[in-house]
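Colleague: I would like to go through this model with you, one point at a time. Please give the reasoning before each value or name.

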Amino acid sequence: MGEITIPPSPSWYLSNILACNDEGTAVAYGAKHELVILRPTTNFVKQCEIQPVFIPMAHKERVSAIAFSPSSSENFKNHLVSCSDDGTVHVWDWLNQSLILSHSGHQDGHKIVGVDWSRANPNLIVSITDLGNIVCWDLLSNTIKRLFVGSKILPLCISCCPHNKDIIAVGAKAGLIAIYNIKGAQLAFRLRGHELDVISLAWCPVPQNVFKDDNSENTLLLASGSKDRTIYFWRAGTDGRYETFINLPNHPVASAGYRSKNGVGGQGNSWVCVRWPEPHTFVSSSLYGELLCYDLKNIIVGKADGNKKTKNNKVAFRLVHGQFLYFPGHLLIAWHPTNESVLAFGTGEGRVGLFDTSSSKPALLLRLYHRKSVYSLIWAPPVGNIETFTKKKPLALFSVGDGEILQYNPDNPEKDPISLASFFIKCDASAMVSKAPGRSDLAWKFDMSLAAIGNDNGVLYIVDGRTFSHIHTVFAHKKLIQCVVWHPGSVTSENAVSPYSSWLATASDNIQIINVTNEGVETIACLNTHSEKVVSLCWSPHFNARLISASYDYTSQVWDVASGSVLACFDGHHSAVVCCLPSTLHQDYIITGSADNTVRVWNINKYHLTKSKTKKQRLTGVMKKFAGVQEATDLTPAEDNEQIISTA
């Protein structure tokens, strides 16, 4: 077992957020405000051996588009350009993850929606804003010139012609495509054929018309993908008319096992991306999360058949990749303790459901009760009346959200969940509170004899695990209890019952270790080396008294609680660490998830920090990359600049 990083997904609904270099050796994409670069290692054998490289805080706001430098570039080989909603454009050396050049020549308040690195002129980068403000950036002189694509054109994407350095294509709202000459600063064509927004553009890799046998004419074919689910092929270099167009299939190519929440018509189903890697090979996304490859030799010019039949009456596209769609907004999951194919999930909108991973059936949503986020799910024997449960040894699903604890009956998903608020009346009375606090977490001891309930006022309740009758009240913290977890009854490194099986760990602004018995409670330790709040805890199943913590200070720590020492401190995440889990396969590996949308598997023997960085120290380290980078000079004439500002 080795260290693994599962990177975040690219930002959604952006056509040029992902790019591949010309050699096919690197893929890069934007995920929120950072860049992710994927390339095989030198000893690459398996897919999992591709370790991502990150450029954290590449921009202050969301990255909106990226592009690699062309392979023909002599001065900027192994570089990429990124643009952002913050109005900046950066050039990076992606091998060293270092910032080389930068400009912020777009007007304040304008969002950059597209950027492209010209293949015809490797020293030119062109970017455009949502209001049509174009910036042409000469990298050799590090100068920029601003242009305006024209009124009533609201751009969404941009693409530089690979055969003519002066021509760019702009996809815009309402189905409009603009062919613009940046040398003469004039609009060559307004292409109209789509009914809805044009969100993706791709030039033919050769200047000739690949749909005709005569290759003498420099047609400069341009493909466009639109939300109206059509793809047009335009003659952008001659008369500006379309050569042919195709409609995407109205049904999934791989129908087996397909799952869809919204069916055809949702935003994601209308997002069509197009790429033109070879003269007669064309690639597009489908309405169903599939990647389709078209053989342009067999497309009938001028015929827009939905099935795209060829001259030989064969389908002209093939499925390259199929992917299941899924329910977005999940906050947590919990495997069934005995049925390994059943997975419970909770969402940010208060939904709780069950998913059978062994079948193709859609997820089963239980009765909606929570109004906001569900932040804890636990499988345990039911509390109270169990007559509605059909199995001999039933298990209920408990959810914590909105300050309440609910009990669901998985055998009767249509039945309303039971609120357990009435079970805590005596508990609240013992805490001497005038108003019932919100419940924040719930956990059972390994033998189900005791249960612990965390509250938003920092008070901890210990109750009977079967009846929820009050046993102890512990004033553990002053703030909301983020997590409650019991020590396991035994560990793999020893055969006997663990002497620490009565220990309970709670997380808030620090970590409290409490020894809990029916007779009383005793605070064993207070662990406070995290600089911000701790939100997740987990005991190791391999070693006694070994605790893993996750904190908003961007770190995860491993503790030997018996001695009170920190064994490891992992600082590889670029944002708050929100969950942690020890590997069941290897005693030295930890799995952590973060708000940077990555999951990392790391070895505790490689990280020996004993103290986490402060917020100021982290920010100072990240901002060093921007120091000393020369800003591009604006060469736009004053009169043209005033006209651009007044027009835009």
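Modeller: What follows is a set of questions and answers on this predicted model.

Colleague: What is the mean pLDDT of the chain, and over which residues does it stay under 50?

Modeller: The mean pLDDT of the chain is 86, and 85% of its residues reach 70 or more. Over residues 303-315 the pLDDT is below 50, and this stretch has 26 contacts beyond near neighbours in sequence. Where pLDDT is low, the predicted coordinates should not be read in detail. Another stretch with pLDDT under 50, which has 11 contacts beyond four places in sequence, is residues 261-268.

Colleague: Which are the edge strands of the open sheet that contains β39 and β40?

Modeller: This sheet has 4 strands with antiparallel pairing, in the order β38-β39-β40-β41. The twist averages 20 degrees from one strand to the next. An edge strand pairs on one side only, which here applies to β38 (483-486) and β41 (521-527).

Colleague: Which residue in β39 is the bridge partner of Cys483?

Modeller: Strand β39 covers residues 503-507 and runs antiparallel to β38, with 4 bridges joining the two. Within β39, the partner of Cys483 is Ala507.

Colleague: Which are the edge strands of the open sheet that contains β48 and β47?

Modeller: The order is β1-β48-β47-β46, again with antiparallel pairing. Neighbouring strands are turned by 20 degrees against each other on average, direction ignored. The strands that pair on one side only are β1 (4-6) and β46 (577-582).

Colleague: Which residue in β48 stands opposite Ile590?

Modeller: Strand β47 (residues 589-594) pairs with strand β48 (residues 599-603) in the antiparallel sense, over 5 bridges. In β48, the residue opposite Ile590 is Trp602.

Colleague: Which residue in the hairpin of β44 and β45 takes a positive phi?

Modeller: Strands β44 (residues 556-560) and β45 (residues 565-570) run antiparallel and are joined by 5 bridges. Trp559 stands opposite Val566 in β45. There are 4 residues between the strands, and the positive phi, near 75 degrees, belongs to Gly564.

Colleague: Why is Cys538 not bonded to Cys580, and how many disulfides are there?

Modeller: A disulfide is a covalent bond between the sulfur atoms of two cysteines. The cut-off for such a pair is 2.5 Å. The closest cysteine sulfur to that of Cys538 is in Cys580, at 5.9 Å, so the two are too far apart for a bond. By this rule the number of disulfides is 0.

Colleague: Is Cys538 buried or exposed?

Modeller: Buried means under 20% relative accessible area. The value for Cys538 is 16%, so Cys538 counts as buried.

Colleague: Which residues, beyond four places in sequence, is Ser159 in contact with?

Modeller: Ser159 is in strand β14, residues 155-160. Its relative accessibility is 10%, so Ser159 counts as buried. Leaving aside neighbours within four places in sequence, its contacts are Asp116, Ile168, Ala169, Leu201 and Trp203.

Colleague: What is the phi of Asp402, and in which loop is its place?

Modeller: At 23% relative accessibility, Asp402 counts as partly exposed. Its place is in the loop between β31 (396-401) and β32 (404-408). Asp402 is not a glycine, yet its phi is positive, near 60 degrees.

Colleague: Is Met432 buried or exposed?

Modeller: Met432 lies in the loop between α1 (425-430) and β34 (439-444). Its phi is positive, about 55 degrees, although Met432 is not a glycine. The relative accessible area is 70%, so Met432 is exposed.

Note on methods:
Residues numbered from 1 in each chain as written. Predicted model: local features only at pLDDT ≥ 70, side-chain atom pairs only at ≥ 80, totals over all residues. Heavy atoms only, no water. Pairing = 2+ DSSP bridges. Axes fitted to C-alpha atoms, helices over the stretch in contact; angles between N-to-C directions. Buried < 20%, exposed > 50% of the residue type's maximum accessible area, 1.4 Å probe, protein only. pLDDT = per-residue confidence, 0-100. Contact = heavy atoms within 4.5 Å.
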